[in-house]
Amino acid sequence: MITVPVWAQPLAVEPRCTVQITDVYTARSAENGQRPPLSGQWKTVTLPHEWSWRLTDPVDDVWYRIEWRQDCVAGVQESVALLLRSIVMAGEVYINDHFLWRDKQLVEPLSRSFNMPRYWLLPNTWIKEGTNTVWIRAVGIKHQSV
C-alpha cells in the first residue's frame, strides 16, 4: 500500500442553491385523518413540536404544514433532501401534493416506528419555483406518551 500526504482546505465556493423554511403550522386532522382546509384552524409552531402536550383537548392525529423555498442561481436546480428525525407514533408525508411515504399502520395497531429516522432525496420534478410545502400527518394515541 502506498500512502500519500494530502493537505485539506475548505472550498471557497458559494452555494448555488439555498433552502429555507419560511413557516411551520399545525392543525387537527379533518374527518378520517384528512388534511384540514387551509383556512381556519392552522396555528404557527416551531420544530421540534410535541403536539400531544400542547393541546387542551388531546387528539389522535394532527397535520403539519412546513412551507419552504429553494432559491438557486439562475438556470441551476440542485437536489433537495428531507430528513425527519421521528414521527410519533406513525405518520405519512407529502411533498406539495405528491405522496412520499406512509407508515404501514395508521390505525390501531399503529406501526409505532417513531424511533426510525427517515431520509429521502426529493425528485426535482416535485419542487416548484417559489413556495413548496411538506405535509406531515402525525398519528398517535391521545393521553399516551412514548
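Me: Why is Pro 36 called buried in this predicted model?
Reply: Buried means under 20% relative accessible area, exposed over 50%, and partly exposed in between (1.4 Å probe, protein chains only). Pro 36 has a relative accessible area of 4%, so the residue is classed as buried. Residues are numbered from 1 along each chain as its sequence is written. Because the model is predicted, local features need pLDDT of at least 70 and side-chain atom pairs count only at pLDDT 80 or more, while totals for chains, interfaces and linings use all residues; side-chain values use heavy atoms, with hydrogens and water left out.

Me: What makes up the surroundings of Pro 36?
Reply: Pro 36 sits in the loop between strand S1 (17-28) and strand S2 (43-44), strands being DSSP runs (E, at least two residues) numbered from the N terminus. Contact means heavy atoms within 4.5 Å. Apart from neighbours within four places in sequence, Pro 36 is in contact with Ala 27, Arg 28, Ser 29, Ala 30, Gln 41, Trp 42 and Trp 63. Trp 63 is 27 residues from Pro 36 in sequence, and the C-alpha atoms are 7.7 Å apart.

Me: How do you know that Cys 17 and Cys 72 form a disulfide?
Reply: A disulfide is a pair of cysteine sulfur atoms within 2.5 Å. The sulfur atoms of Cys 17 and Cys 72 are 2.1 Å apart, and the pair forms a disulfide. Cys 17 lies in strand S1 and Cys 72 in strand S3 (residues 61-72), so the pair ties together parts that are 55 residues apart in sequence.

Me: Why is this disulfide called right-handed?
Reply: The torsion about the S-S bond of Cys 17 and Cys 72 is about 115°, so the disulfide is right-handed.

Me: Why do Cys 17 and Cys 72 carry their burial labels?
Reply: Cys 17 has 13% relative accessibility and therefore counts as buried. Cys 72 has a relative accessible area of 29% and is therefore partly exposed.

Me: What makes the side chains of strand S4 (residues 80-84) alternate?
Reply: In a regular strand the side chains alternate between the two faces of the sheet. In S4, Val 80, Leu 82 and Leu 84 point to one face and are buried, whereas Ala 81 and Leu 83 point to the other and are not.

Me: How do you know that S4 pairs with strand S7 (residues 118-122)?
Reply: Two strands pair if DSSP finds at least two bridges between them. Five bridges join S4 to S7, and the two strands run antiparallel. Within S7, Trp 120 is the bridge partner of Leu 82.

Methods:
Helix = DSSP H or I, 4+ residues; strand = E, 2+ residues; numbered from the N terminus.
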